[in-house]
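This report covers the enclosed and open spaces in the model below, together with the surroundings of its ligand.

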Amino acid sequence: MTPGATPRENAVVPVDEILVGGGWRRGSGEELAVTDPTDGRIIARVHGASVADVDEAVHRGSMAARSGDWRDLLPAQRARYLHAIADRIEGAAEHLAQLQTLNTGKALAETRALVASAAGTFRYFGSVLETVEDVVTPPRGDYLTMSVHEPIGVVGAITPWNSPIASDAQKLAPALAAGNAVLLKPAAWTPLVALALARLIEEAGVPTGLVSVLPGRGEAIGDAIVRHPGVGKVSFTGGTETGRAIGRIAAEKIMPVSLELGGKSPTIVCEDADIDRSVAGVLFGIFSSSGQSCIAGSRLFVHASRYETVVERVVDGASKLRVGPGTDSGTQVGPLVTAEHRDRVARYVELARAEGGTVRCGGRAPADPALAAGSYYLPTVIDGLPHSARVCQEEIFGPVLVALAFTDEDDLVRQANDSAYGLACGLWTEDYRRAWRLARRIEAGTVWINTYKRLSIATPFGGMKHSGIGREKGVQGIRAYMRQKSLYWGLAEELLPWAAD
Ligand code: NAD
């Protein structure tokens with residue numbers, strides 16, 4: 001950090017090199033233009049990986065994973081690498097946060113928290129690795145049985161653009177802890193943080209070839225990773241349609257996949273909810289990260305008796321949120337990741353208007369000329385539509401909230417579960433019995449009761465229905481990157497039956 005330098009100067013952009021099987025070099029694939037969403041300017045050009053680079057990374061990764069220098073390490077020895085990576089992330093925290101804000105537009109307070117969580121993820125899986133146990137299973141004969149877990153080999157980790165360092169760490173840390181090599185493919189719009197992270201992993205002394213970072217377009221490089229016969233597992237976070245395509249290929253290969261996909265999460269204000277708390281929670285749940293969050297609470301359900309009061313308060317709060325560059329300390333809602341994505345969000349709002357919805361606030365880019373060049377969009381609240389409307393059913397992935405009323409619990413559960421997705425849910429009520437009933441009836445991988453978007457690395461995370469398959473985080477998170485094996489140790493003195501005549 002240089003005192004007095006602008007955030008853009010402080011966020012030192014990595015040079016145009018990618019990490020292929022232990023070597024830094026210019027990628028031999030397509031050039032990616034990386035932009036700053038506050039003004040659309042190109043901040044870096046990164047030559048992505050080619051299919052040949054993927055092949056080389058798999059080959060070198062496979063050798064590194066099989067080498068005794070990695071595979072045979074004692075848990076405490078391997079854990080040391082994870083802690084060393086965490087130390088380096090913490091040492092470079094401000095740089096990583098600035099870089100992520102520069103590339104994604106997210107508020108600095110948020111990218112700082114994401115960087116801290118990434119370091120915590122490496123520490124957590126270092127600790128899990130040291131404490132996770134294999135088991136001796138109960139004897140059923142004159143033999144002893146054990147269930148042990150082994151590394152898969154080479155794992156593909158494919159991540160989206162919305163929270164780069166956190167989603168990268170969530171895959172890298174357990175996959176490395178489990179003893180694998182990893183090919184990380186960041187999203188084409190946001191490769192910079194993953195490349196900066198790779199430098200730190202290298203500095204931490206992780207064996208050469210074990211980690212590759214292969215930016216590129218999903219349909220080319222992501223696809224090449226998924227299809228490669230040397231890749232034994234893919235952990236994917238991204239959109240549902242992409243997840244479906246990856247799942248099909250995995251089915252052909254008979255390869256395990258974890259899919260963390262999209263969401264359209266309900267955020268529910270019951271008739272007895274604390275209004276101040278619930279309105280604050282609803283606003284944070286949808287408008288933080290400018291709504292570009294898989295767990296965004298994008299469908300607001302309010303009990304009919306309080307509908308107008310709550311929606312008016314939400315509209316008032318949304319209208320007052322401070323929209324601006326992520327580097328301004330007061331900013332609550334930064335720009336969307338690219339102009340292309342902002343235009344997609346805007347098209348959904350036009351669709352809502354065309355279908356007869358009422359845009360209660362927002363519904364356009366900000367009028368401030370200082371923000372005109374950026375991909376900003378105002379926090380938007382829409383109501384007056386039936387739950388079957390497309391904006392109530394499809395993931396918009398932007399600062400757009402649709403509000404709906406419900407009459408009783410059955411009506412609420414029917415509407416809330418009338419979704420292809422099942423990622424998260426927020427529940428605002430002072431009645432713990434009601435909270436228990438509803439939390440169990442709503443189809444969602446995570447339910448927050450009188451809070452929202454709180455996430456612990458120790459708590460499993462994942463979706464139901466079209467929101468995904470598998471769970472990340474938690475002690476069991478490391479198991480997703482291991483293969484289970486059963487061992488039988490014969491203890492009998494006699495020969496097995498057929499040999500004894
Ligand atoms: P995306 O599906 O377009 O891309 C995600 C990643 O997959 C990128 O790296 C992309 O290059 C790659 N990819 C694209 N096509 C591919 C293909 N055919 N084969 C292999 N890889 C391919 O998603 P996005 O627009 O980057 O991210 C937004 C989506 O991610 C939203 O739907 C959001 O809900 C979801 N998301 C989910 C979670 C979760 O934990 N459930 C977290 C964050 C984001």
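## Cavities

The model is predicted. Four cavities of 30 Å³ or more are counted in it. The largest cavity holds about 80 Å³ of space. Its lining consists of 13 residues, and those closest to the centre of the cavity are A296, S298, E395, I396 and F397.

Sorted by class, the residues that line the largest cavity are six nonpolar, five polar and two charged.

## Ligand shell

The shell around the ligand has 26 residues, with T159, G239, T242, L261 and E395 the closest. By class, 12 residues of this shell are nonpolar, nine are polar and five are charged.

Three elements, α9 (218-227), β10 (233-237) and α10 (240-253), each contribute at least two residues to the shell. The largest share is that of α9, which supplies four residues.

Where does the ligand lie with respect to domain 1 and domain 2? Residues of the shell come from both domain 1 (7-261 + 467-486) and domain 2 (266-449), so the ligand lies between the two.

## Polar contacts and burial of the ligand

Oxygen atoms of the ligand pair with backbone and side-chain atoms of the protein. A polar backbone atom of T159 is 2.7 Å from an oxygen atom of the ligand. For T242, a polar side-chain atom lies 2.7 Å from a ligand oxygen atom. W161 also places a polar side-chain atom by the ligand, at 3.0 Å from an oxygen atom.

How much of the area that the ligand exposes when taken alone does the protein bury? The ligand alone exposes 850 Å², and 85% of that is buried by the protein.

## Second largest pocket

The volume of the second largest pocket is about 290 Å³. Its lining comprises 16 residues, and P75, R78, L129, H149 and M482 are those nearest its centre. Two or more lining residues come from each of α4 (75-91), α6 (108-131) and β6 (143-151). Of the elements, β6 gives the most, with three residues.

How do the lining residues of the second largest pocket divide by class? Eight are nonpolar, one is polar and seven are charged.

Technical notes. Residues are numbered from 1 along each chain as its sequence is written. This is a predicted model: local features need pLDDT of at least 70, side-chain atom pairs count only at pLDDT 80 or more; totals for chains, interfaces and linings use all residues. Side-chain values use heavy atoms; hydrogens and water are left out. On a 1 Å grid over the protein atoms alone, a cavity is a set of points where a 1.4 Å probe fits but cannot get out, and a pocket is an open set with protein on both sides within 12 Å along at least five of seven lines; lining residues have an atom within 4 Å of a point. Grid points are joined across faces, edges and corners, and a volume is the space filled by probe spheres set on the points. Ala, Val, Leu, Ile, Met, Phe, Trp, Tyr, Cys and Pro count as nonpolar, Asp, Glu, Lys and Arg as charged, and the others, Gly among them, as polar. A residue is near a molecule or strand if one of its heavy atoms lies within 4 Å of it. A polar contact is a pair of N or O atoms within 3.5 Å; within protein, one must be able to donate a hydrogen and the other to accept it, and residues adjacent in sequence count only if both atoms are side-chain atoms. Accessible areas come from the Shrake-Rupley method with a 1.4 Å probe; for residues, only the protein chains shown count as cover. Domain bounds come from an automatic or database domain assignment.
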